[in-house]
Amino acid sequence: MKEIYLAGGCFWGTEHLFKQIDGVIDTATGFANGNPDAPQEPTYEEVYTDQTGYAETVRIRYDETRVGLRFLLKIFFMSIDPTSLNQQGHDVGTRYRTGIYYTDPKDLPVINDIMAAQQSLHSLPLAVEVEPLCLFFPADDYHQDYLDKNPNGYCHLPLELFRMVKNMKPEI
């Protein structure tokens, strides 16, 4: 099993989106790559102040024999505005920045290829961080599987995207 950590704005929608993909084994919402002096295991309220440096992030564990990192990143870029700094949809603040945080340095060539391909599609520079994962703390249970528990809950992603991704055949 492999893992990648993606920050795509509000983590509720990002988590729900990746749960639709065959081959994604497990997801968890949480907070990643905060300031070194930020609280360990921060609360949502602390992160919400934008003083901790943490980004709302989703841990994605996947079976690489069923779905590849390239495919997951393709879906990620379908769900974000990669040129928007610290904002996705109506959500604004450093906690809503976009990022790809990796744990396996062998993933970096694929990440860099995807980033270069995405940059070629945009006239503005990409605002997506690419960094090794430094810290990840799961969010409270309330935030896990939020849109499953609250089907009419807030989400910045269009509902059509969930349906489309669910019907896509994953690529390895």
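Here is a short conversation about the predicted model shown above.

Visitor: How many disulfides does the count come to?

Guide: Happy to start there! A pair of cysteine sulfur atoms has to lie within 2.5 Å to be called a disulfide. The closest cysteine sulfur to that of Cys10 is in Cys155, and at 6.7 Å it is too far for a bond. By this rule the count comes to zero.

Visitor: Are Cys10 and Cys134 buried or exposed?

Guide: The cut-offs help here: buried is under 20% relative accessible area, and exposed is over 50%. Cys10 has 6% relative accessibility, so this residue counts as buried. Cys134 has a relative accessible area of 59%, so Cys134 is exposed.

Visitor: Which helix gives the most to the largest nonpolar core?

Guide: That core has 42 residues, and Ile4, Phe18, Ile21, Ile60, Leu72 and Ile100 have the most contacts inside it. Seven residues of this core come from a single helix, the one that gives the most: α3, residues 69-78.

Visitor: Which residues of α3 are buried?

Guide: Good follow-up, as α3 is mostly covered, with seven of its 10 residues buried. By name, the buried residues of α3 are Leu69, Phe71, Leu72, Leu73, Ile75, Phe76 and Phe77.

Visitor: Which residues of α3 does Ile4 touch, leaving out those up to four places away in sequence?

Guide: Ile4 is among the residues with the most contacts inside the largest nonpolar core. Its partners include Val58, Ile60, Ile100 and Ile111. Helix α3 spans residues 69-78, and the partners of Ile4 that fall in that range are Leu69 and Leu72.

Visitor: What is the handedness of the β-α-β unit made by β6, α4 and β7?

Guide: Let's begin with the strands: β6 (residues 98-102) and β7 (residues 129-132) run parallel and are joined by four bridges. In one of the pairings, Gly99 has Glu129 of β7 as its bridge partner. Together with helix α4 (residues 108-119), these strands make a β-α-β unit that is right-handed.

Visitor: What separates the C-alpha atoms of Gln40 and Leu135?

Guide: Gln40 sits in the loop between β2 (24-32) and α2 (44-48), and its 47% relative accessibility makes it partly exposed. Leaving out residues up to four places away in sequence, Gln40 touches Tyr54, Leu135 and Phe137. Gln40 and Leu135 are 95 residues apart along the chain, yet the separation of their C-alpha atoms is 8.9 Å.

Terms used
Residues numbered from 1 in each chain as written. Predicted model: local features only at pLDDT ≥ 70, side-chain atom pairs only at ≥ 80, totals over all residues. Heavy atoms only, no water. Buried < 20%, exposed > 50% of the residue type's maximum accessible area, 1.4 Å probe, protein only. Pairing = 2+ DSSP bridges. Helix = DSSP H or I, 4+ residues; strand = E, 2+ residues; numbered from the N terminus. Right-handed = clockwise from strand over helix to strand, strands pointing away. Core = buried A, V, L, I, M, F, W, Y, C linked by side-chain atoms within 4.5 Å. Contact = heavy atoms within 4.5 Å.
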